[in-house]
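Open the model in your viewer and keep the selection tool at hand. The tour goes from one selection to the next and says what is there.

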Amino acid sequence: MKRSIKVMSALSVFALAFTGHAALAQSAVTIKINGYGGTDPAVVGDLINRFVKPAVAKDNITVVYEPLQGDYNKTLTTLLAAGNAGDVLYLPAETIDGFVATGKFLPLTGVVSSTPFIKSLNTSFTRGGKLYAISKDFNTLSVVYNKDIFDQAGVAYPNGSDTWTSFSKKLSDVKAKLGSDYYGLCLGGFDRFGAFAYGTGWKQFGSDGKTNLADPKFVEAFNYYTGLAKNKVGVQPSELSQDWGGGCFKTGKVAVAIEGGWIVNFLKDNAPNLKYGTALLPKNDASGKRGNFLYTVGWAINAGTKNKAAAIKVLNALTSVQAQEYVLSQGLAIPSRSSLSNNAYFKRTDAGAQNSKVVFDGSTDGNVQGFTFGPQGTDWAKPINEALAAVLSGQKTSAEALKKAQTDIATFQKR
């Protein structure tokens with residue numbers, strides 16, 4: 001009798017051990033991550049290998065990274081509809097409304113803590129009181145200026161105390177001192193001009209969800225920005241055979257570009273000897289505030305994931321302090337965690353680090369709005385960009401261009 005009990009006990013222990021092993025094997029999960037293609041995979045792939053995989057390995061989670069080449073928004077829409085999208089995904093702030101409307105993204109409110117992150121970034125990913133993504137990093141706009149040009153002209157550098165009036169005077173003085181071969185500012189579309197509109201207190205969408213380009217605040221900003229082209233103080237990149245503000249600036253013929261932190265590595269590679277500084281955008285004279293954009297992409301979770309708990313752990317690893325400190329130290333992006341405002345990198349004196357500090361500070365200074373387009377998507381900005389182009393090229397007056405733009409955007413928003 002005792003012998004048979006011992007045998008049964010041994011069998012029971014074996015059975016329990018086998019069952020436990022099977023349960024452990026079954027708990028192993030794979031989390032697929034989707035992000036941008038292009039040059040992004042090199043950075044994100046390195047981040048995943050360094051910080052994410054080691055952080056979740058103890059939980060038996062395997063991470064597979066599959067960047068989406070080409071048009072990310074279009075490809076992701078197709079994958080979500082087919083049920084083939086990743087578990088953890090990029091959610092761009094500029095297209096968040098369309099994606100949230102599909103119901104394919106998991107609300108993170110109460111699931112992931114948003115407290116450590118900059119409030120304005122959380123706002124960019126909040127719809128209907130629910131948070132849908134955690135910002136992985138961000139950019140704002142800043143005044144990037146060519147020190148040699150200002151020194152040569154004997155004009156004071158732009159600084160954070162500048163108003164629209166003092167800023168434009170500095171640009172005009174540079175042009176007047178240096179002549180026809182030099183320009184004050186690289187001009188762009190809504191993705192640059194819009195920051196000035198926000199500085200007046202203009203709202204992109206009213207309480208009815210519509211856009212009012214006849215708002216005196218918008219008109220003020222539009223006239224100021226297009227007025228910078230007077231006497232060729234402001235120049236469009238195409239006039240210098242370039243296709244964006246950074247390319248315009250690298251020629252060494254333009255005093256200022258309104259750009260984000262992405263210009264740092266571009267200049268390092270394309271104009272390594274150009275001496276530059278960075279300042280916050282100028283303040284609107286009437287409001288006393290500067291406007292700005294938050295360019296950001298967040299990490300979100302597919303509502304259809306079969307491994308929600310594991311996906312949350314991966315998302316937390318992707319946005320951890322260690323991961324963000326690494327990206328910042330490499331000069332690759334600006335961290336979304338507010339606690340990193342005192343990071344040692346920001347105290348460095350080199351031009352790249354100082355640019356990052358100004359870009360970081362821009363996220364909480366003035367009327368800062370997420371770079372987004374509402375339910376209509378990126379086509380929302382087309383009427384404004386057409387109006388800017390028409391005035392800057394001399395084809396229409398400001399009043400004519402804005403009248404057409406208002407008609408076009410109203411028609412578009414009725415669809």
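**Stop 1: the largest cavity**

In this predicted model, the lining of the largest cavity is made up of five nonpolar, two polar and one charged residues. To see them, select Trp164, Ala195, Phe196, Gly199, Leu281, Pro282, Arg290 and Gly291. The space they line has a volume of about 30 Å³. How many cavities of 30 Å³ or more are there? The count comes to one. Which element gives the most to the lining of the largest cavity? Helix H8 does, with three residues.

**Stop 2: helix H8 and the largest core**

Now select the whole of H8, residues 190–199. H8 is also the element that gives the most to the largest nonpolar core, with six residues. That core has 51 residues. Colour Phe190, Phe193, Phe218, Val256 and Trp380, which have the most contacts inside the core. In soluble globular proteins, nonpolar side chains tend to be buried together.

Zoom in on Phe193. What does Phe193 touch, leaving aside its neighbours within four places in sequence? Its contacts are Phe218, Ala221, Phe222, Tyr225, Ile384 and Leu388.

Apart from the largest core lies another core, of 49 residues. Select Tyr65, Tyr72, Leu318 and Ala333, which are among its members.

**Stop 3: helix H14**

Select residues 351–361, which form helix H14. Which residues of H14 are buried? They are Gly352, Ala353, Asn355, Ser356, Val358, Val359 and Phe360. Show the elements that these buried residues pack against: strand E6 (134–139), strand E7 (142–146), helix H11 (263–270) and strand E11 (276–279).

**Stop 4: Asn146**

Stay with strand E7 and select Asn146, which has its place there. Is Asn146 buried or exposed? Asn146 counts as buried because its relative accessibility is 4%, and the cut-off for buried is under 20%.

Next, draw a distance from the side chain of Asn146 to the backbone nitrogen of Ile149. A polar atom of that side chain lies 3.1 Å from the nitrogen. Then add the residues that Asn146 touches, not counting those up to four places away in sequence: Phe249, Gly252, Val254, Ala255, Leu274 and Lys275.

**Stop 5: the largest pocket**

Turn on a surface display and look for the largest pocket, with a volume of about 1,000 Å³. Its lining has 37 residues, and the closest to the centre are Asp40, Lys136, Asp137, Asn139 and Leu332. Select those five residues to centre the view.

Which elements give two or more residues to this lining? They are helix H2 (40–57), E6, H11, strand E12 (291–301), helix H13 (321–329) and H14. H2 supplies the largest share, five residues. By class, the residues of the lining divide into 22 nonpolar, 10 polar and five charged.

**Stop 6: the second largest pocket**

The second largest pocket holds about 380 Å³ of space. Select Thr123, Gln204, Gln369, Gly370 and Thr372, which lie nearest its centre among the 16 residues that line it. Helix H5 (119–124) and strand E13 (367–370) each supply at least two residues of this lining. The lining here is five nonpolar, eight polar and three charged residues by class.

**Stop 7: Lys308**

Select Lys308, found in helix H12 (residues 308–318). Lys308 counts as partly exposed because its relative accessibility is 41%, and partly exposed lies in between 20% and 50%. Leaving aside neighbours within four places in sequence, Lys308 is in contact with Leu106 and Val111.

Now add Ala82 to the selection. Ala82 and Lys308 are 226 residues apart along the chain, and their C-alpha atoms are separated by 19 Å.

**Last stop: the whole chain**

Clear the selection and zoom out. The protein chain has 16 helices and 13 strands. Along the principal axes, its C-alpha atoms fill a box of roughly 110 × 50 × 35 Å. Of its 415 residues, 50% count as buried. Finally, consider contacts in the protein chain between residues at least 6 apart in sequence: 74% of them join residues at least 24 apart.

Technical notes: Residues numbered from 1 in each chain as written. Predicted model: local features only at pLDDT ≥ 70, side-chain atom pairs only at ≥ 80, totals over all residues. Heavy atoms only, no water. Core = buried A, V, L, I, M, F, W, Y, C linked by side-chain atoms within 4.5 Å. Buried < 20%, exposed > 50% of the residue type's maximum accessible area, 1.4 Å probe, protein only. Helix = DSSP H or I, 4+ residues; strand = E, 2+ residues; numbered from the N terminus. Contact = heavy atoms within 4.5 Å. Polar contact = N/O pair within 3.5 Å; in protein donor to acceptor, adjacent residues only side chain to side chain. 1 Å grid on protein atoms, 1.4 Å probe; cavity = no way out; pocket = protein on both sides within 12 Å on 5 of 7 lines; lining within 4 Å. Points joined across faces, edges and corners; volume = space filled by probe spheres on them. Nonpolar A, V, L, I, M, F, W, Y, C, P; charged D, E, K, R; others polar.
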